[in-house]
Amino acid sequence: MIRSFAYGMLSSNICIVSDGGEALIADAGGYNEVMLRYIEKNNLKVKYIVLTHGHYDHICEVEKYLSLFPEATLMYHPREHAVLTDPEANLSPWLGREHRSYDLPHKCINEGDIIRVGSLELKVLHTPGHTPGGICLLCEGEKFLISGDTIFDNGYGRTDFKYGNETELHRSLERLYPLCREYDLYAGHDTGF
Ligand SMILES: [Zn+2]
Ligand SMILES: [Zn+2]
């Protein structure tokens with residue numbers, strides 16, 4: 001199953017996907033007791049923390065998550081490393097008023113990879129444009145799509161930040177539009193950003 005929680009000034013969504021006592025957390029832009037209680041109450045073992053992309057509003061609590069769930073593996077697309085390690089690109093001076101570079105031990109995930117959570121399979125779709133290593137997670141079993149800031153209910157991601165690319169975004173959107181008709185959308189923000 002999937003449950004989403006919204007945090008911070010931009011209401012970034014964090015999704016918890018769980019099955020058979022295992023959990024994956026998508027994005028790390030905030031945390032609070034409600035979310036931690038949810039994990040505790042359902043007795044979930046957090047196996048993965050996956051970043052849809054490296055903007056500050058989706059990653060600012062990643063170190064806290066890694067210390068709360070030391071057995072979890074951090075995962076993101078290789079092209080996103082440039083964003084995570086560059087304060088100008090990860091927007092930390094703008095959104096967090098701090099210059100941050102996130103160079104953390106992680107496992108790379110690429111187009112077509114399957115991440116298993118209990119008996120659920122999440123397929124990695126590389127959807128660049130908003131950022132170069134942006135990804136979506138597609139769950140065919142439960143028919144949902146975690147889309148980060150690539151596509152929202154009422155729009156799509158900006159390309160005017162550093163490393164944004166309009167041509168790539170259009171290609172990604174062409175791929176995602178048909179899926180949005182078939183799958184429940186869990187975007188990075190409810191209102192678009
Ligand atoms: Zn973003
Ligand atoms: Zn965002």
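Both His-130 and Asp-149 are buried, a class reserved for residues under 20% relative accessible area, with exposed meaning over 50% and partly exposed in between (1.4 Å probe, protein chains only). The model is predicted, so local features need pLDDT of at least 70 and side-chain atom pairs count only at pLDDT 80 or more, while totals for chains, interfaces and linings use all residues. Residues are numbered from 1 along each chain as its sequence is written, chains are lettered from A and ligands numbered from 1 in the order in which they are written, and side-chain values use heavy atoms, with hydrogens and water left out.

His-130 and Asp-149 belong to the site of the zinc ion (ligand 1), where His-53 (NE2), His-55 (ND1), His-130 (NE2) and Asp-149 (OD) coordinate the metal at 2.1 to 2.3 Å. Donors here are N, O and S atoms within 2.8 Å of the metal (3.2 Å for Na, K and Ca); water is not among the atoms, so sites may look incomplete. Along the chain, the donors of this ion follow the spacing H-x1-H-x74-H-x18-D. The pair of His-130 and Asp-149 links distant parts of the chain, 19 residues apart: His-130 sits in the loop between strand E8 (120-126) and strand E9 (135-139), and Asp-149 in the loop between strand E10 (144-148) and strand E11 (151-152). Helices (H or I, at least four residues) and strands (E, at least two) are DSSP runs, numbered from the N terminus. Angles of 89 to 165° between the four donor atoms make the arrangement around the zinc ion (ligand 1) irregular. For comparison, four donors count as tetrahedral if all angles lie between 85 and 135 degrees; four count as square planar and six as octahedral if opposite donors are over 155 degrees apart and all others between 65 and 115, and anything else is irregular.

A second zinc ion (ligand 2) lies 3.5 Å from the zinc ion (ligand 1), and Asp-149 coordinates both. The protein donors of the zinc ion (ligand 2) are Asp-57 (OD), His-58 (NE2), Asp-149 (OD) and His-189 (NE2), at 2.1 to 2.3 Å. Their angles run from 88 to 157°, which makes this arrangement irregular. The spacing of these donors along the chain is D-H-x90-D-x39-H. His-58 lies in helix H2 (residues 56-59) and His-189 in the segment after strand E13 (184-187), so this pair ties together parts that are 131 residues apart in sequence. Both His-58 and His-189 are buried.

Turning to the strands, six of them form an open sheet of mixed pairing in the order E1-E2-E3-E4-E5-E6, where two strands pair if DSSP finds at least two bridges between them. Strand E1 (2-7) and strand E6 (107-108) stand at the edges with a single partner strand each, so one side of each is left without a neighbour in the sheet. Strand E5 (residues 73-76) pairs with E6 in the parallel sense over two bridges, and Tyr-76 has Cys-108 in E6 as its bridge partner.

Salt bridges, twelve by count, require a side-chain nitrogen of Lys or Arg within 4 Å of a carboxyl oxygen of Asp or Glu. Among them, Glu-22 and Lys-47 meet at 3.6 Å, N to O. Glu-22 lies in strand E3 (residues 22-26) and Lys-47 in strand E4 (residues 45-50), so the pair ties together parts 25 residues apart in sequence. Another links Glu-182 and Lys-143, with the closest N and O atoms 3.2 Å apart.
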